[in-house]
Amino acid sequence: MGFAQQYGALLTAIADEADAMSMRAFRAADLHVERKGDGTALTQADGAIEAMARAKVAASGVALDVLGEEMGTGSPKSAAKAAKSEDESASEAAKSSLSSSTRARLIIDPIDGTEEFSRGIPTFGTLLGIELNGEIVAGVASAPALATRWWAYRGEGAFRNGQRIHVSDTAQLSEAMVFTTGTGPSKNAEDRARIRRLSDASRNSRALGGFWQHMLVAEGAIDAALDWTSKPWDLAALGIIVEEAGGRSTNLAGERTIYTGDYLSTNGKIHDEVLRLLR
């Protein structure tokens with residue numbers, strides 16, 4: 001049984017409902033925005049979408065744990081307990097994010113780009129990844145305000161709205177378009193300098209961050225995308241889509257992992273050149 005057959009119906013059902021839920025809240029007059037301890041935005045839609053996803057996993061009969069941004073980790077049946085103690089959940093999520101699980105699990109970011117979502121900017125999406133024995137075997141990134149969904153299953157190719165996608169053929173960084181995370185005050189001077197080196201070495205660059213830049217790599221619109229400080233749920237869906245489209249996604253040490261924070265996606269042809277520049 002292929003991974004699409006094994007997980008596709010569940011991931012599609014979650015993504016469909018998440019799209020509907022997020023669009024009901026998007027630009028709504030009663031949207032309430034809070035700030036987490038790290039200053040990032042949080043809306044009522046984030047928790048509601050993750051709770052929905054956990055409920056669908058529990059009802060599906062598919063043997064999956066869940067790691068989510070808002071409710072931590074473990075069996076979907078423990079979601080109520082996790083929601084009851086936010087601090088405990090956050091601590092457990094932090095521990096879990098340090099290493100992959102040996103048991104199959106869904107890794108979910110209910111709304112990636114909550115800051116954009118809260119400001120009425122359409123570049124947000126629900127990210128769903130399936131991790132099995134430390135390997136991401138399925139990924140879905142659904143952006144309803146862009147009317148676009150990307151997905152990939154290990155060994156089965158990458159798709160955008162049902163059409164097969166491929167990375168670009170750009171062979172040199174000097175001819176590439178590169179998107180990066182920003183260089184704001186959360187980064188130290190050395191990190192800002194490294195990010196700017198990449199931008200300056202490319203033909204064109206923009207500061208965007210988030211999931212969409214990696215999807216633009218996968219579909220060949222740009223040639224490289226860099227995130228500097230991300231969590232596993234920000235990344236789990238992305239690398240497999242880029243890889244199945246013919247590209248590469250690694251951390252800055254060249255390792256295929258979502259657990260070190262930094263993440264680089266490229267068309268593969270310029271990957272080593274970019275890594276050398278950032279080290």
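Which strands does helix H10 lie across, and at about what angle does H10 run to S13? Let me keep that question open for a moment while I introduce the chain, and please remember throughout that what we are looking at is a predicted model.

The chain has 279 residues, of which 52% count as buried, and it is built with 10 helices and 14 strands. If we take the contacts between residues at least 6 apart in sequence, 63% of them join residues that are at least 24 apart. The surface that the chain exposes comes to about 12100 Å², with carbon and sulfur atoms supplying 48% of that area.

Let me begin with a pair of helices, H1, which covers residues 3-25, and H2, which covers residues 44-60; their axes come within 10 Å and cross at roughly 155°. Since angles over 145 degrees count as roughly antiparallel, H1 and H2 are therefore roughly antiparallel to each other. Their crossing is right-handed. Among the residues making this contact are Leu10, Ile14 and Met21 of H1, together with Ile49, Met52 and Val57 of H2.

Now please turn to strand S3, residues 65-68, where Asp65 and Leu67 lie on one side and Val66 and Gly68 on the other, and these four residues are all buried, so that both faces of the strand are covered. In general, the side chains of a regular strand alternate between the two faces of the sheet. S3 pairs in the parallel sense with strand S4, residues 105-112, over four bridges, and within S4 the bridge partner of Val66 is Leu106.

Further along the chain we come to an open sheet of five strands, in the order S11-S10-S12-S14-S13, with mixed pairing. Strands S11 and S13 stand at the edges, and each has a single partner strand, so one side of each is left without a neighbour in the sheet. From one strand to the next, the twist averages 10°. Within this sheet, S10, residues 177-180, pairs with S11 in the parallel sense over four bridges, and the partner of Val178 in S11 is Ser205. Helix H6, residues 189-201, packs on the sheet and touches S10, S11 and S12, with a direction that makes about 160° with that of S10.

That brings us back to the opening question, and to helix H10, residues 271-278, which lies across S12, S13 and S14 and runs at about 25° to S13.

Key:
Residues are numbered from 1 along each chain as its sequence is written. This is a predicted model: local features need pLDDT of at least 70, side-chain atom pairs count only at pLDDT 80 or more; totals for chains, interfaces and linings use all residues. Side-chain values use heavy atoms; hydrogens and water are left out. Buried means under 20% relative accessible area, exposed over 50%, partly exposed in between (1.4 Å probe, protein chains only). Helices (H or I, at least four residues) and strands (E, at least two) are DSSP runs, numbered from the N terminus. Two strands pair if DSSP finds at least two bridges between them. Contact means heavy atoms within 4.5 Å. Accessible areas come from the Shrake-Rupley method with a 1.4 Å probe; for residues, only the protein chains shown count as cover. Axes are lines fitted to C-alpha atoms, for helices over the stretch in contact, and angles run from 0 to 180 degrees between N-to-C directions. Angles under 35 degrees count as roughly parallel, over 145 as roughly antiparallel, 65 to 115 as roughly perpendicular and the rest as oblique. A crossing is left-handed if the near helix is turned anticlockwise from the far one by less than a right angle, and right-handed if clockwise.
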